[in-house]
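The following exercises practise the reading of a protein model. Please study the sequence and the structure before attempting each solution.

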Amino acid sequence: SSSAASDVYKRQLYTLINRISIKVLAYLAFIVVYAIYVLGYTCQTATTKAGQTILTHDPKIRPLMAFFDTIYSTILFTSFGVILPLLAKRYGGLSNQNVFNMMMLIYMPLSLLFTILAIIGIKDRDNDKYFFKNKEKIRFSDFLGVLRHNKPLRLLIACAASDKLAQTIAGHTLVTTLLFRVILNNYTLSSSLSIGVSIATILIIFFSTKIAASNGQKKAFQIASFFSLITSILLLIIMLIINPKGQMINGFSFKGIIFSLSFILMRAGITLTQGVVIPMIADCADYEAYKYKKNVPGLIGTLFSFVDKLVSSIGTSILSVMLLIAMGHESLDVSTKYTTGLFIVFLTV
């Protein structure tokens with residue numbers, strides 16, 4: 001229900017605030033509404049991570065959580081990557097209100113549907129008989145205590161936060177617009193590659209799940225992170241070689257093909273690392289339960305979600321500052337022209 005409620009508040013960002021003519025009031029309204037949305041979304045993600053913990057404690061089965069979650073997420077975000085460029089082309093750019101109106105009509109009902117399905121799916125396991133009984137109530141000070149003595153959680157947060165920072169920046173809509181519209185001058189190519197990314201991610205997650213089941217989540221995360229790093233460096237080198245400087249790149253040309261392959265592998269690697277993290281959060285909650293006799297999956301999920309949201313906001317801020325330096329106060333859209341500064345921003349992120 002928190003997911004559906006946060007979506008309602010997020011909708012106000014596009015249907016209410018743009019009707020406020022006084023800029024100062026519009027900015028204040030944006031901050032208030034967005035803050036409420038973030039609170040609702042954070043509640044939803046915290047309960048999601050707690051729910052994943054109680055589904056199973058079998059180390060052989062738990063990697064399947066990452067397998068199915070990555071597949072579902074990949075399909076969903078692929079549809080996002082396909083539909084958004086098409087809507088932007090139809091309505092003349094991302095700044096057109098109709099783009100977001102159509103996206104809301106598509107994804108808000110889907111969000112509500114997935115929330116209902118999640119509640120149905122977990123109802124049988126969401127029962128006291130499956131939990132350790134805490135002898136005392138959880139207090140706010142327990143957050144610091146868990147961070148202090150739960151070393152696996154600290155290490156996971158540190159590793160996942162660095163990956164999340166890179167993913168937030170590299171996967172941002174502005175970076176997609178910068179790459180495909182400004183540098184490659186072929187915005188519709190991103191729709192086609194989204195499908196390729198989905199196929200590659202699903203194929204790679206098969207191997208990752210087998211590694212996690214036989215060698216542990218840590219090994220799978222290390223391999224996924226290494227794969228993501230190598231493919232990111234490969235894309236960087238290729239972009240330095242083929243930089244079209246705003247001239248259109250055809251997806252079927254030699255340059256277009258080698259770029260497409262490297263981009264697909266890079267995006268699949270980024271998606272994979274985030275998917276592997278999910279069952280590891282549940283492992284950290286089990287560690288706390290068995291060693292310290294505290295069943296606090298909600299607390300573990302909240303701690304992780306807090307860092308996740310903090311890193312996400314920092315990543316967006318970093319990208320915004322870089323674009324501000326490169327462009328000044330101009331907005332990045334489908335009409336933006338190529339500059340060396342923007343190319344440097346892309347290479348950096």
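A residue is called buried when its relative accessible area is under 20%, exposed when that value is over 50%, and partly exposed in between. The model examined here is predicted.

**Exercise 1.** Determine which residues of helix α7 are buried, and which helices they pack against.

*Solution.*
Step 1. Helix α7 comprises residues 173–183. Its buried residues are Val175, Thr177, Leu178, Leu179, Phe180, Val182 and Ile183.
Step 2. The packing partners of these buried residues are α6 (151–170), α8 (189–215), α9 (217–242), α10 (254–292), α11 (297–327) and α12 (340–348).
Step 3. Beyond the helix, Asn185 comes just after α7 and takes a positive phi of about 55°.

**Exercise 2.** Establish how the buried residues of helix α5 are arranged about its axis.

*Solution.*
Step 1. In α5, residues 141–149, the buried residues are Asp142, Gly145 and Val146.
Step 2. Viewed down the axis of α5, these buried residues fall within an arc of 100°, and therefore they line one face of the helix.
Step 3. The general principle is that an α-helix has 3.6 residues a turn, so residues three or four places apart point the same way.
Step 4. The face turned away from the buried side of α5 carries the exposed residues Leu144 and Arg148.
Step 5. The cover over the buried residues of α5 includes α6, α10 and α11.

**Exercise 3.** Explain why Cys159 and Cys284 do not form a disulfide.

*Solution.*
Step 1. A disulfide requires a pair of cysteine sulfur atoms within 2.5 Å.
Step 2. The cysteine sulfur closest to that of Cys159 belongs to Cys284 and is 10 Å away, which is too far for a bond.
Step 3. A search of the whole structure accordingly gives zero disulfides.
Step 4. As for accessibility, Cys159 is partly exposed at 37%, whereas Cys284 is buried at 5%.

**Exercise 4.** Decide whether Ile71 and Phe30 are buried or partly exposed, and describe the setting of each residue.

*Solution.*
Step 1. Ile71 belongs to helix α3 (residues 63–91). With 13% relative accessibility, Ile71 is buried.
Step 2. Leaving aside residues up to four places away in sequence, Ile71 touches Ile202 and Ile205.
Step 3. Phe30 is located in helix α2 (residues 23–55). Its relative accessible area is 39%, so Phe30 counts as partly exposed.
Step 4. Phe30 is part of a nonpolar surface patch, together with Ile22, Val24, Leu25, Leu28, Ile31 and Tyr34. The accessible area of this patch is about 680 Å².

Note on methods
Residues are numbered from 1 along each chain as its sequence is written. This is a predicted model: local features need pLDDT of at least 70, side-chain atom pairs count only at pLDDT 80 or more; totals for chains, interfaces and linings use all residues. Side-chain values use heavy atoms; hydrogens and water are left out. Buried means under 20% relative accessible area, exposed over 50%, partly exposed in between (1.4 Å probe, protein chains only). Patches are made of residues with over 30% relative accessible area and no salt bridge: like charges are joined within 9 Å, nonpolar side chains (Val, Leu, Ile, Met, Phe, Trp, Tyr) within 5 Å. Accessible areas come from the Shrake-Rupley method with a 1.4 Å probe; for residues, only the protein chains shown count as cover. A salt bridge is a side-chain nitrogen of Lys or Arg within 4 Å of a carboxyl oxygen of Asp or Glu. Helices (H or I, at least four residues) and strands (E, at least two) are DSSP runs, numbered from the N terminus. Contact means heavy atoms within 4.5 Å. The arc is that of the directions from the helix axis to the C-beta atoms.
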